[in-house]
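This report is intended to be read alongside the sequence and the three-dimensional structure. Please keep both in view while reading.

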Amino acid sequence: MSYYFAIIGTQDNPLFEYEFGTSKQGGDGQARFTEQSRPLNQFIVHSSLDIVEEVQWTSGQMYMKVIDRFFNNYISCFMTGGNIKFLLLHQPTNTVSATSTRNSTSIGANPTSPQTEEAIKSFFTEVYENYVKTIMSPFYKVNMEIKSPVFRARVAAAGRKYL
């Protein structure tokens, strides 16, 4: 499965972007987005912000699960208390098969399975902890782009660990 992770600020500006692939089940951690779909990732994530704004007032939870679907791309959302949005676009490696029971529990095959939802929630939680540590820096200002290589490495490590 390929992933595109973005942190969106309070003014709908991107604060952080990271693209990676699955490391579970023999994956090498490389994203498998086609060259035609790479520019669309930002558009798909930002177009789901309207749905996030609708759901955030009806749901009192920080983790909103899969909020949008665009063709074979699924968007999951995590909302912080400061209205910062963590969005994860995930694209399954293959289509979900109804005849195979093994694929239904695989994180890479079924983006709406409980195992996948739990893995994404754990990923968001760990990234959120690292995000809080990053913004506690006295040099960070609200809605400023995150350029820290340490933060990027920690996001990559969380991706390898959970996804």
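## Gln56 and its contacts

Leaving aside neighbours within four places in sequence, with which residues is Gln56 in contact? The model examined here is a predicted one. In it, Gln56 makes such contacts with Met64, Met79 and Asn83.

Gln56 belongs to helix H2, which covers residues 49–58. Its relative accessible area is 14%, and because buried means under 20%, Gln56 counts as buried. One of its partners, Met79, stands 23 residues away along the chain, yet the C-alpha atoms of Gln56 and Met79 are separated by 7.8 Å.

## Overall organisation

The protein chain contains 5 helices and 5 strands. Read from the N terminus, these elements follow the order β-β-α-α-β-β-β-α-α-α.

The chain has 163 residues, of which 45% count as buried. A further value concerns contacts between residues at least 6 apart in sequence: 56% of these contacts join residues at least 24 apart.

## The nonpolar cores

The largest nonpolar core comprises 26 residues. Those with the most contacts inside this core are Phe5, Ile7, Phe86, Leu88, Phe123, Phe124 and Tyr131. Two or more residues are given to the core by each of the following elements: strand S1 (2–8), strand S2 (14–21), strand S5 (85–91), helix H4 (114–135) and helix H5 (149–162). The largest share, 6 residues, comes from H4. There is also a second, separate core, which has 14 residues and includes Ile8, Ile44, Val52 and Met79. Met79 is thus a member of the second core as well as a contact of Gln56.

Phe5 offers a detailed view of the surroundings of one core residue. When residues up to four places away in sequence are not counted, Phe5 touches Phe16, Glu17, Tyr18, Phe20, Phe86, Leu87, Leu88, Phe123, Phe124, Val127 and Val155.

## The pairing of H4 and H5

How do the two helices H4 and H5 lie relative to each other, roughly parallel or roughly antiparallel? Their axes come within 9 Å and cross at roughly 165°. H4 is therefore roughly antiparallel to H5, since angles over 145 degrees count as such. The crossing in which H4 passes H5 is right-handed.

On the H4 side, the contact is formed by Ala119, Ser122, Phe123, Glu126, Val127, Asn130, Tyr131 and Thr134. On the H5 side, these residues meet Phe151, Arg154, Val155, Ala158, Gly159, Lys161 and Tyr162. By type, the residues of this contact divide into 8 nonpolar, 4 polar and 3 charged.

## Asn130 within the helix contact

Asn130 is located in helix H4 and is one of the residues through which H4 meets H5. With a relative accessible area of 10%, Asn130 is buried, because this value falls under the 20% limit.

Leaving out residues up to four places away in sequence, Asn130 touches Phe151 and Arg154. Ala158 lies 28 residues from Asn130 along the chain, and the C-alpha atoms of the two are separated by 9.9 Å.

## Two residues with positive phi

Which residue in strand S3 deserves attention for its backbone? Lys65 lies in this strand, which spans residues 63–70, and has a positive phi of about 60° although it is not a glycine. Lys65 counts as partly exposed, at 46% relative accessibility.

Asn83, another residue other than glycine, also has a positive phi, near 70°. Its place is the loop between strand S4 (73–79) and S5. The relative accessibility of Asn83 is 29%, so this residue counts as partly exposed. Asn83 returns the account to its beginning, as one of the contacts of Gln56.

Notes. Residues numbered from 1 in each chain as written. Predicted model: local features only at pLDDT ≥ 70, side-chain atom pairs only at ≥ 80, totals over all residues. Heavy atoms only, no water. Core = buried A, V, L, I, M, F, W, Y, C linked by side-chain atoms within 4.5 Å. Buried < 20%, exposed > 50% of the residue type's maximum accessible area, 1.4 Å probe, protein only. Helix = DSSP H or I, 4+ residues; strand = E, 2+ residues; numbered from the N terminus. Contact = heavy atoms within 4.5 Å. Axes fitted to C-alpha atoms, helices over the stretch in contact; angles between N-to-C directions. Parallel < 35°, antiparallel > 145°, perpendicular 65-115°, else oblique. Left-handed = near helix turned anticlockwise from the far one by under 90°. Nonpolar A, V, L, I, M, F, W, Y, C, P; charged D, E, K, R; others polar.
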